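Student: I am new to this structure and would like to go through it slowly, one question at a time. Could we begin once it is on the screen?

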Amino acid sequence: MPAIVKLSDLNLSAPVQIPFGFTGVEEKYARAIVRDRIRSQWPEQKRPTQSVYCICLTGTVAVAYPNTFSPVIYIGEGDAYARLSRHVDWLVPLLMSVPQLGVEIRLLESVRRNNRSLYRHIEADLIDWFSSDYGALPWFNRQQESGKKGAYEYKRDARKLLNTMIGVGAGRRYLWAIQPTKNNATFDAYSKGTSA
């Protein structure tokens, strides 16, 4: 029988908000702006290397997935702060392409004692649940984490909290659902995920 994950094993931070909406800014300066906004809002973490995070679009634009639309574009794990510094390279071109688009980072720490790998299993389960609900991987994810999914069961309140990581969000209204075209550098990542 799989081990049980309780709500007390999880610590969800307030989302890091990165409104963008700039036009006429060179990409190198836009990267600096985004990195600065991440740095200025980043929460204190007890176990930063045991994080799971979701990058979601904000504003009135979501992503068109096969089953329905979602603001989620990436689910990751590990040292989220360090990894986001590298993600800026693919985030900024997207933010610059769609006026008034922003992103938020939903950040969760695995705080279960004596279990340094739980966060990897949580990420695998989130990707699996997302893929089942939306019919695809999140836009910038390249693969399922099949070897790590399903190792744990989640108490109802823990599962509800995790669902907020990948959900649309209460009261959010989207007017557009986008996808990259074939001449977009991110098309291969998107199309690979939709045929998963």
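Tutor: Let us start with a single loop residue: this is a predicted model, and in it N114 has a relative accessibility of 83%. N114 is found in the loop between strand 8 (102-110) and helix 3.

Student: Is N114 buried or exposed?

Tutor: A residue counts as exposed when its relative accessible area is over 50%. Because N114 has 83% relative accessibility, its class is exposed.

Student: What is the phi of N114?

Tutor: N114 is not a glycine, and yet its phi is positive. The value is about 60°.

Student: Where is R156, and is it buried or exposed?

Tutor: R156 has its place in helix 4, which covers residues 156-166. The relative accessibility of R156 is 76%, so this residue of helix 4 counts as exposed.

Student: How far apart in space are R156 and K46?

Tutor: In sequence, 110 residues separate R156 and K46. In space, taken from C-alpha to C-alpha, the distance between them is 25 Å.

Student: How many residues of strand 4 are buried, and which of them point one way and which the other?

Tutor: In a regular strand the side chains alternate between the two faces of the sheet. In strand 4, S51, Y53, I55 and L57 point one way, while V52, C54, C56 and T58 point the other way, and all are buried. Strand 4 is thus mostly covered, and the number of buried residues is eight of its eight.

Student: Which strands pair with strand 4, and over how many bridges?

Tutor: Strand 4 (residues 51-58) and strand 7 run antiparallel and are joined by six bridges, and in one of the pairings S51 has G78 of strand 7 as its bridge partner. Strand 4 also pairs in the antiparallel sense with strand 8, where the bridge partner of C56 is E104. The strands asked for are therefore strand 7, with six bridges, and strand 8, with eight bridges.

Student: How many disulfides are there in the whole structure?

Tutor: A disulfide is a covalent bond between the sulfur atoms of two cysteines. The sulfur of C54 has its closest cysteine sulfur in C56, and because the distance is 5.5 Å, the two are too far apart for a bond. C54 and C56 are both buried, each with 0% relative accessibility. A search of the whole structure gives a disulfide count of zero.

Student: Which residues touch the most other members of the largest nonpolar core?

Tutor: The largest nonpolar core has 57 residues. One of the residues in question is I55, which, leaving aside residues up to four places away in sequence, touches a list of residues including I73, Y74, W90 and I105. The residues that touch the most other core members are I55, I73, I122 and L126.

Student: What kind of aromatic pair do Y74 and W90 form?

Tutor: The structure has twelve aromatic pairs by the rule used here. In the pair of Y74 and W90, the ring centres are 5.7 Å apart and the planes are at 55°, so the pair is neither under 30 degrees, as for stacked, nor over 60, as for edge-to-face. Y74 lies in strand 7 (residues 72-78) and W90 in helix 2 (residues 80-97), so the pair ties together parts 16 residues apart in sequence. Both rings belong to buried residues, and the kind of pair is tilted.

Student: What kind of aromatic pair do W139 and Y190 form?

Tutor: W139 lies in the loop between helix 3 (118-134) and strand 9 (152-154), and Y190 in helix 5 (residues 187-194), so this pair ties together parts 51 residues apart in sequence. Both W139 and Y190 are buried. Their centres are 5.9 Å apart with 75° between the planes, and the kind of pair is edge-to-face.

Student: Which strands are at the edges of the open sheet of three strands?

Tutor: The order of this sheet is 6-5-10, with mixed pairing. Strand 5 (residues 61-64) pairs with strand 6 in the antiparallel sense over two bridges, and V63 has S70 of strand 6 as its bridge partner. Each edge strand pairs on one side only, and the two are strand 6 (69-70) and strand 10 (176-178).

Methods
Residues are numbered from 1 along each chain as its sequence is written. This is a predicted model: local features need pLDDT of at least 70, side-chain atom pairs count only at pLDDT 80 or more; totals for chains, interfaces and linings use all residues. Side-chain values use heavy atoms; hydrogens and water are left out. A disulfide is a pair of cysteine sulfur atoms within 2.5 Å. Buried means under 20% relative accessible area, exposed over 50%, partly exposed in between (1.4 Å probe, protein chains only). Helices (H or I, at least four residues) and strands (E, at least two) are DSSP runs, numbered from the N terminus. Two strands pair if DSSP finds at least two bridges between them. Rings of Phe, Tyr and Trp (its six-membered ring) pair if their centres lie within 6.5 Å; planes under 30 degrees apart count as stacked, over 60 as edge-to-face and the rest as tilted. A nonpolar core is a set of buried Ala, Val, Leu, Ile, Met, Phe, Trp, Tyr and Cys residues joined through side-chain atoms within 4.5 Å. Contact means heavy atoms within 4.5 Å.
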